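Dear colleague,

I am handing over the structure we spoke about, so please have a look at it before you read my notes.

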2 protein chains.
Amino acid sequence: MHVTYDALKQFTAEAFVHAGLSAEDAATGAEVLAMTDAWGIYTHGTKLLRGYLRRLKAGGLRAKERPVLAGEGLAWALVDGNSSLGMVTSVFAMQAAIRKARQCGIAYASVRNSCHFGAAGYYAWLAAQEGLVGLSMANDKPSVAAPGSRGGITGSNPIAYAVPAGKHRAILLDMSVATVAGGKVYAARTRGEKIPATWLVGGDGKPTTDPSGYPEVGALQPAAGHKGYGIALLIETLAGLLSGAGVTHGVGNWLWDDGTPPTNHGAAFIAVDTDAIMPAGKFTRRVEAMVDEIHNAPRVEGVDRIYVPGEMEWDRYDLAMKEGIQLPPDVVTSLQDAAKMTGLDLTDLAR
Amino acid sequence: MHVTYDALKQFTAEAFVHAGLSAEDAATGAEVLAMTDAWGIYTHGTKLLRGYLRRLKAGGLRAKERPVLAGEGLAWALVDGNSSLGMVTSVFAMQAAIRKARQCGIAYASVRNSCHFGAAGYYAWLAAQEGLVGLSMANDKPSVAAPGSRGGITGSNPIAYAVPAGKHRAILLDMSVATVAGGKVYAARTRGEKIPATWLVGGDGKPTTDPSGYPEVGALQPAAGHKGYGIALLIETLAGLLSGAGVTHGVGNWLWDDGTPPTNHGAAFIAVDTDAIMPAGKFTRRVEAMVDEIHNAPRVEGVDRIYVPGEMEWDRYDLAMKEGIQLPPDVVTSLQDAAKMTGLDLTDLAR
């Protein structure tokens with residue numbers, strides 16, 4: 001299905017309004033999801049709308065609640081999401097971090113009683129869009145092994161950062177601490193294919209090339225072994241332990257678990273105001289020079305570009321804004337379900 | 001050679017005094033290096049003393065200079081190391097971050113005109129020792145490839161964090177963004193062995209199992225590919241771009257390059273005051289519960305322990321404090337050279 005960014009955002013916002021959200025919160029949630037699709041990250045865009053609608057209906061997500069500041073200091077804020085939409089809470093928290101960073105140079109907002117927040121990169125980019133360096137992270141129900149464990153110890157715990165880059169688009173990295181996304185393992189299972197031995201451990205905790213038991217059995221392998229595991233625990237510290245949110249197995253699975261109770265995800269957002277530390281413009285000139293240097297560095301034969309994180313996404317974004325977004329079949333199926341749940345007409349969406 | 005921690009620290013401090021440092025700065029540098037050996041990280045402990053002494057003699061490190069606050073705000077500090085010993089500058093900067101975090105909840109100190117700072121983990125642990133979460137990172141001369149590059153794009157850019165853990169020892173991760181340390185590749189070269197295809201790229205930028213050209217030719221592979229590369233650029237942002245330090249190829253190699261000019265390494269330190277955000281004790285109880293949960297999680301058959309980051313180092317530390325430190329031969333050789341350079345007697349060191 002081929003759609004425009006605006007139509008996709010509009011449809012998503014209307015669906016959220018149908019589920020009981022205010023127009024403003026619906027627009028916030030819709031922008032996060034549509035922007036993620038524009039970046040070509042279809043696993044974390046409007047494909048998730050259906051799941052959020054289900055949870056809003058079941059009550060684990062509360063349409064009428066709003067995030068509040070549960071505590072604050074000069075350079076920190078503690079946000080209680082009140083189980084409202086994770087994207088609404090996360091935008092609220094990053095805005096608090098940006099506001100305080102402008103006063104203090106750096107600020108940290110931790111979040112409790114949130115839910116799955118879509119793509120971590122969106123919130124980091126919110127900061128970069130306003131000229132600040134942004135970091136964004138969240139915990140999740142365990143699905144990733146630790147060295148020596150049988151089964152998941154940490155969530156796939158996404159972490160993202162964005163850096164304003166002057167004449168270039170913002171540097172933007174959004175990664176999980178697992179070697180690969182669970183969706184890639186599941187796709188191999190669906191196709192009956194083997195997987196590399198670095199992706200998954202089986203029920204015995206040992207590396208396996210057989211995805212047929214996933215996700216019921218086994219766990220994803222941490223990226224770079226103890227390094228990915230270690231970063232997962234840093235994220236757990238800033239997003240979970242220090243916010244009062246659920247930690248590891250205390251976090252619910254937003255998609256598969258019973259939709260009635262809140263998931264109590266934690267998240268953390270950090271903003272750094274470069275203008276406070278360096279004369280305006282000097283920082284971005286330095287970023288520009290580094291990006292230019294990387295672009296001009298010697299390449300492997302046959303490679304025509306060394307990418308800076310985010311450039312693939314920005315290329316897709318430019319194309320999406322110019323020519324629209326070609327939604328993959330799994331996203332379309334999900335949106336069809338969302339349309340059924342809300343009584344909206346999906347044919348309005350396709351141009 | 002078998003030594004006590006105290007004797008090793010004393011010898012190292014005396015060597016620094018001989019090189020012109022004040023007793024206080026010498027003690028700071030010595031503590032960082034001896035503590036690193038006590039953790040069993042012999043690649044980054046007193047083995048480095050010889051190299052620092054050479055650079056102090058050549059003038060690229062300035063024995064009589066001290067770090068200064070070149071700028072500050074509520075929650076940030078910009079430290080100019082004035083090319084004094086990297087460990088002295090880094091302790092100064094982390095102490096500034098801790099002081100400001102106690103006022104603001106979080107604080108960030110960036111550093112320019114520094115040099116190689118030893119093990120990143122030491123400074124993170126400084127914060128944890130005072131009850132704060134600490135992060136520490138630095139840039140370095142490029143030695144790590146990016147996906148598609150021929151040659152190094154970023155330094156091995158160490159990053160460390162530490163979390164106070166109540167009844168447990170502090171969680172402590174210290175990692176580089178490369179798959180493995182260059183020293184491991186070089187050791188395989190010395191032994192004439194092949195290496196795994198995930199460690200190194202050759203002069204053509206393609207993965208190789210042949211270490212015989214390293215380090216003259218080729219570059220280390222980033223840990224987990226684009227993820228390690230992306231984190232390297234985050235470190236470059238906070239430690240290099242935003243401090244005014246050298247960036248990528250603008251940083252000198254402290255060990256192999258001409259020792260006369262400063263290397264202009266950058267570094268960054270972040271401290272988070274958990275007591276500002278949560279009632280005293282609540283945070284550490286939550287950390288304790290998470291660590292207990294990990295210790296009690298199901299294990300792979302034959303594995304008797306799932307380690308939390310830092311536990312291997314703390315086990316070695318406990319043994320070092322009880323029975324002394326068994327220095328490996330390469331460290332002893334380096335200390336012999338340091339003794340020759342300073343006229344100190346190494347036999348005083350062995351008990």
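Below is what was found in it.

This is a predicted model, in which local features need pLDDT of at least 70 and side-chain atom pairs count only at pLDDT 80 or more, while totals for chains, interfaces and linings use all residues. Residues are numbered from 1 along each chain as its sequence is written, chains are lettered from A and ligands numbered from 1 in the order in which they are written, and side-chain values use heavy atoms, with hydrogens and water left out.

Chain A averages a pLDDT (the predictor's confidence in each residue, from 0 to 100) of 96, and the complex is given an ipTM of 0.98 and a pTM of 0.98 by the predictor.

A turn of 180° with a shift of 0.0 Å along the axis lays chain A on chain B with an RMSD of 0.0 Å (superposed by least squares on the C-alpha atoms of residues with pLDDT of at least 70 in both). The two copies are thus related as by a two-fold rotation axis.

The contact (heavy atoms within 4.5 Å) takes 69 residues from chain A and 69 residues from chain B. About 5,700 Å² is buried between chain A and chain B, with carbon and sulfur atoms giving 73% of that area (the accessible area, with a 1.4 Å probe, that two parts lose on being put together, summed over both). On the side of chain A, K227(A), L241(A) and I277(A) lose the most area to chain B, together 11% of what that side buries.

Best wishes
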